[in-house]
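Hi everyone, thanks for coming. Let me put the model up on the screen, and then we can walk through it together.

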Number of protein chains: 2
Amino acid sequence: MPARARRRLVPVPLKHVTVDGAFWTPRLRTNRETTLPLEYDQCKRTGRLDQMKVRPPARGKFYDSDAAKWIEAAAYALTAAPDQAVERKIDAYVRWMQAAQLGDGYLNSYFQIVGIDRRWTNLHQDHELYCAGHLMEAAVAYFQATGKRAMLDVMRRCADHIGRTFGRGKGQKRGYPGHPEIELALVKLYRATGERRHLDLAAYFVNERGRAPHYFEQEALARGEAPQPFGRIGGVTAAYDHRQAHAPVREQRTADGHSVCALYLYAGMADVAMETGDGTLLTACRRLWRNVTEKRMYVHGGVGSTRFGERFTFDYDLPEETAYAETCANIALVFFAHRMLQLEPRAEYADVLERALYNSVLSGVSADGTRFFYANWPAVKPEAHNFRERQKPPTRQDWFGCACCPPNLARMLASLGQYVYMTTRDAVYVHLYTGGTAKCTVKGTPVTVTQKTDYPWKERVRLTVRPEDPVNFTLALRLPGWCRSPRITVAGKRVRPADVDKHGYAHIRRTWRRGDRVELRLPMPVERVRAHPAVRQAAGKTALQRGPVVYCLEEKDNGPDLADVALPRTAAVSARFDRRFPGGGAVVLSARARRTRAQDKSLYTTGRPRLRAVRIRAVPYFLWNNRGEGEMRIWLREG
Amino acid sequence: MPARARRRLVPVPLKHVTVDGAFWTPRLRTNRETTLPLEYDQCKRTGRLDQMKVRPPARGKFYDSDAAKWIEAAAYALTAAPDQAVERKIDAYVRWMQAAQLGDGYLNSYFQIVGIDRRWTNLHQDHELYCAGHLMEAAVAYFQATGKRAMLDVMRRCADHIGRTFGRGKGQKRGYPGHPEIELALVKLYRATGERRHLDLAAYFVNERGRAPHYFEQEALARGEAPQPFGRIGGVTAAYDHRQAHAPVREQRTADGHSVCALYLYAGMADVAMETGDGTLLTACRRLWRNVTEKRMYVHGGVGSTRFGERFTFDYDLPEETAYAETCANIALVFFAHRMLQLEPRAEYADVLERALYNSVLSGVSADGTRFFYANWPAVKPEAHNFRERQKPPTRQDWFGCACCPPNLARMLASLGQYVYMTTRDAVYVHLYTGGTAKCTVKGTPVTVTQKTDYPWKERVRLTVRPEDPVNFTLALRLPGWCRSPRITVAGKRVRPADVDKHGYAHIRRTWRRGDRVELRLPMPVERVRAHPAVRQAAGKTALQRGPVVYCLEEKDNGPDLADVALPRTAAVSARFDRRFPGGGAVVLSARARRTRAQDKSLYTTGRPRLRAVRIRAVPYFLWNNRGEGEMRIWLREG
């Protein structure tokens, strides 16, 4: 019998958290002042905010979700900094929603234009439930930011319509979404309203998925069409695995198919597990987590090994130049990690969350907040993009026809605060290190926890604990997996992490008094990361990492032909802060390395390679491509 | 002023050459007794030999060419071994051709069924000239094998029809083929008939190509369609480069586009150059040769770096698992090399010819002659083929919908003899080492040259020269580029190659008498080949080669995760003949190497890699995949 799942840790709500410090303050400001207005303009320009006025293009199926993610991001930003002009824009959208919603609660701008008779006829491919989910997330965020209920009420009615339409009851369709998302959104709606039926609907969608007879086949036949059991390329041996509907979720043993779909689903499964106590679901989540993070995740925390189907492939298959690692998938991995962390306070979840955040999530947006990557390759040879089908351009773009990534980044960054702190009945967990403050309540006593740090560039974190009255509780500090020898002092006294480390957290239990100081030092020597020997693309190679930040070489600093650069096994790598680096400065690395001298113009030779010494410079991966287009690579040859 | 081009070396005609010896005899027998009948059955089964009876599928556009290549291959086989049953099959096809050919000379089974009004309206994509070219090659081969003129006469009429239709005269279309092939075929027709107009037409096609206004645009507009200037993926910056029609051929500086098209074109250009004396064309051929062989050729002699467009990409871009290296392209490289060798007796041409032949051409067919590779990857991970669009299966197939490769292999092997010997006025060149005999005439004296050798497995080649009367001439023996210290004795007396080596050939000039013996020793230590440092996929890696044969590791011998195998720089590699190896036995290699021990199940670790010693076994690349499906790779890590 699996253990009962429960939500052990509760995130400190966004409105009680501030994030500041040298690293995040300018990034969050850019997100609020540059990215959000730009994305609003793009949504406006492309009709995403003017539904029902013009017939949308085929990809208009996603339009509601893009608008929703923009609203959600804006709502989070409003939490930190009220802005009447932004509220007016959102309110205008909400008025449209109120006017457009059908009497039965249905709301989807695309199908209300192209033909309402097509609604709910193709869950496999039509993204209606996906759009509804994003609108629910936005409604909850806007309600929590402003207290305004109008959008929430629209989406409650919409959820109720969906709940009447789908289920196991008489006359209901036994459907579930092609693209998961609504599961986690319904849990948010449940938490915001306390209405149990939304949770039940989320659980239904999770539990019904992948069962026989297959719903996607049934609905295709009902449309008079042949089922399209889209699975692996060149075969349907895992029919519908692209949409994680090849088997009931508890029977899925590997992370398969479209990687955003997969991780939204897993996050929703974890949400349902923690709210329903379903241990079998937790077991499934753990298994899928292990498969993702132990066999299918790039070193920069990105996921999705191929652009064909934007999907997971197979264990240890992590190609470089042809990777996908979609920004949305990497963000979704953060979502999944965040849920697992609420279920189980294990630092491995926060380690992955942090790895994705500081590397393949942040890489999704330019340092100035105006351009975006859809795919986050661990290596790029720009010329190659002219010769591969379906490969995105090798430089950030200002927008995409399928524009999921930019607003996803915006909402991720605007809600960063929710990932930093969690509480239990008698503990405060600190998962991420960043300047800022959390106001929480422990055993009925208000406690403020403040961090001062220049993390991730610097290794010192100063925490101050300020309970209103002295109170005994545990301050649980995450000891990052990348850190070999963390040091902690409490009120100037050294704490040995080994004494208090549980699952990667230092548990410091004491009666805290106003102004108690904790200092954490996380030594950040440059580490050489190596991959499992089955990762054929990283064999004999190393990735440089300092703290949570993964580094890469760029052509700008090192010239072309980066694959030829070899870092000797014993070479020292030095680090220094370059204040002029794009994005407000960054720690950059340098080392002596070797390159091969071309002996003549022969393509192949049996001569011994002649080497020459070079100085290489490595820069944070997430900041690459901010100084023009060029080659880039994370994995360097050793030897 | 470029030098005048001329044909300096003339291949000894196939009918005067025999090929035997331990290596080739069984392979040529398999080709004649297994491959050719199988391919006939496949052509029959799929309607390729029953034109006009059923409406062909869209790819029926190629059907005439497949039938033609089968006939050509069969004709070469008839040269070596007459076979009445085979001749009857061909004669039946020729009777169909005679009956089907229109009064004006037009002949194309596809367009005569789907609509004759569509003929010559889409040279860009319709392959009519391509099919005609292959039928001309077949007609010449069948005429030369049997003396029967019927097919030749049909194709002469067809060529004359084409010559009336296309050209710069009044009322003619200024077209040229989308898929080159007819150029080299017309030169063959010219040589067989002595009719100069066929050569002129070939020269016209070569010279007209890529000029403005662009014919492919003109004909599209004439059809009332928008031009499709198919170029690089994601852009038309080199519009029509896919078909080498982005610029006049003399202005093309790199080998671009569809690799079979490119190499058939270059072979045709070289043919036209040598027959017309056009030095500017020779200059263009040399430039394209250098680009192909110095920057865009795989170590196994294959060409074409991507399946998208089946094309060349850019300099030094030679991806492994996603390579294409189509069997037909590798064969076409042999064709081009063969022409360049006739223009200039430089061993570099024969070196490339031999590299392709013994590696990426032979790999196209299974050891038993029944299955075929379309793409010849230098590395394969079978699971990956389930997740990449347009990737062929990782194992040989018995046939293809677009079936160009199997009959191309059959004709290549059946005509092997023509690549071995060439003559000038006063020299006999030996380009390839294989048992067999050539009957040629030097200064009016019949001379027989006989080789006995177990090349490429063994390093000794024994030649016997038998002039009818003593005659003074040069015996020019190729000294392979892979061989560091060839040794030659003539009549038991040592010849220092340095004294006689000109452009990679040992020129042995003497008065030859009946029974003079020459012995060539080509020491074959296992060599480590390394690629130019700009080949990012081979950086830090080595390929094992012994004689002309490139080796690979297979999962069958070495287990999976071959990318992890590292060959120490100093490891000795031993070679031995394994008589039980598929394909009649083969020299296999073995060495001590290292593998990484997985330290735990972590995907990433900062621990130092722990190595373990392993024994590896490398097998000839061309024989891989004859013992079941599995991983394979040519390039091995060094270190």
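I'll talk about a contact between two domains and then about cavities.

A quick word on conventions: this is a predicted model, where local features need pLDDT of at least 70, side-chain atom pairs count only at pLDDT 80 or more, and totals for chains, interfaces and linings use all residues. Residues are numbered from 1 along each chain as its sequence is written, chains are lettered from A and ligands numbered from 1 in written order, and side-chain values use heavy atoms, leaving out hydrogens and water.

In chain A, the domain assignment, automatic or from a database, gives domain 1 (421-521) and domain 2 (526-638). Their C-alpha centres are 36 Å apart. Five residues of domain 1 and 13 residues of domain 2 make the contact, meaning heavy atoms within 4.5 Å.

Together the two domains bury about 730 Å², with 60% of it on carbon and sulfur atoms; that is accessible area (1.4 Å probe) lost on being put together, summed over both parts. On the domain 1 side, P456(A), W457(A) and W482(A) supply 83% of the buried area, more than any other three residues.

Which side chains meet in a salt bridge? E527(A) and R484(A) do, at 2.7 Å, N to O; the rule asks for a Lys or Arg side-chain nitrogen within 4 Å of an Asp or Glu carboxyl oxygen. Across this interface, the rule finds one salt bridge.

Thanks, everyone, and over to you for discussion after one last item: cavities.There are eleven of 30 Å³ or more, each a set of points on a 1 Å grid over the protein atoms alone where a 1.4 Å probe fits but cannot get out.

Key: 1 Å grid on protein atoms, 1.4 Å probe; cavity = no way out; pocket = protein on both sides within 12 Å on 5 of 7 lines; lining within 4 Å. Points joined across faces, edges and corners; volume = space filled by probe spheres on them.
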